[in-house]
Amino acid sequence: MDEGETNRLFVLDSGWVYTFIHTPDGRRQILDLHFPGDVVGTNQIAFAESTCGIAAATDAVICPFPKSGLRSVFSNSPKLTA
């Protein structure tokens, strides 16, 4: 998934993925590695458009959920929020 509009975050169920940006000279710069159980995209919560892409380093299963769903998670799971 490349940079662009997104209203979703992702929970990584299995595999490894990474977030990246394209540099001005066309190369790919890896920003973060993500492992099963990670929420991918939290660094993009404040933005209307994603500033980075997501790519699989191995076979992976990601489970999307809307950013708007975080309010419920934060109110119902204080331990997770902390």
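Here are four short exercises on this structure, each with a worked solution.

The model is predicted, so local features need pLDDT of at least 70 and side-chain atom pairs count only at pLDDT 80 or more, while totals for chains, interfaces and linings use all residues. Residues are numbered from 1 along each chain as its sequence is written, and side-chain values use heavy atoms, with hydrogens and water left out.

**Exercise 1.** Find the strand order of the open sheet that contains β2, and say which strands stand at its edges.

*Solution.* Start with the terms: strands are DSSP runs (E, at least two residues), numbered from the N terminus, and two strands pair if DSSP finds at least two bridges between them. Next, read the order, which is β5-β2-β8 with antiparallel pairing. β5 (39-40) and β8 (61-66) each have a single partner strand, so one side of each is left without a neighbour in the sheet. Finally, look at one pairing: β2 (residues 8-14) and β5 are joined over two bridges, and Val-11 has Val-39 in β5 as its bridge partner.

**Exercise 2.** Now do likewise for the open sheet that holds β3.

*Solution.* This sheet has three strands, ordered β4-β3-β7, and its pairing is antiparallel. At the edges stand β4 and β7 (53-56), each with a single partner strand, so one side of each lacks a neighbour in the sheet. From one strand to the next the twist averages 35° (axes are lines fitted to C-alpha atoms, and angles run from 0 to 180 degrees between N-to-C directions). Between β3 and β4 there are six bridges; Val-17, for one, has His-34 in β4 as its bridge partner.

**Exercise 3.** Is Thr-19 buried or exposed, and which residues does Thr-19 contact beyond its neighbours within four places in sequence?

*Solution.* First place Thr-19: it lies in strand β3. Its relative accessible area is 2%, so Thr-19 is buried (buried means under 20%, exposed over 50%, partly exposed in between, with a 1.4 Å probe and protein chains only). Then list its contacts (heavy atoms within 4.5 Å): among them are Leu-31, Val-40, Cys-52 and Ile-54.

**Exercise 4.** Trace the side-chain links of Asp-25.

*Solution.* Begin in the loop between β3 (17-22) and β4 (28-34), where Thr-23 lies. Thr-23 is buried, at 18% relative accessible area. Now move to Asp-25, whose side chain also meets that of Arg-27 in a salt bridge (3.0 Å, N to O); the term means a side-chain nitrogen of Lys or Arg within 4 Å of a carboxyl oxygen of Asp or Glu. The whole structure has one salt bridge, and both Asp-25 and Arg-27 are exposed.

How values were computed
Helices (H or I, at least four residues) and strands (E, at least two) are DSSP runs, numbered from the N terminus. A polar contact is a pair of N or O atoms within 3.5 Å; within protein, one must be able to donate a hydrogen and the other to accept it, and residues adjacent in sequence count only if both atoms are side-chain atoms.
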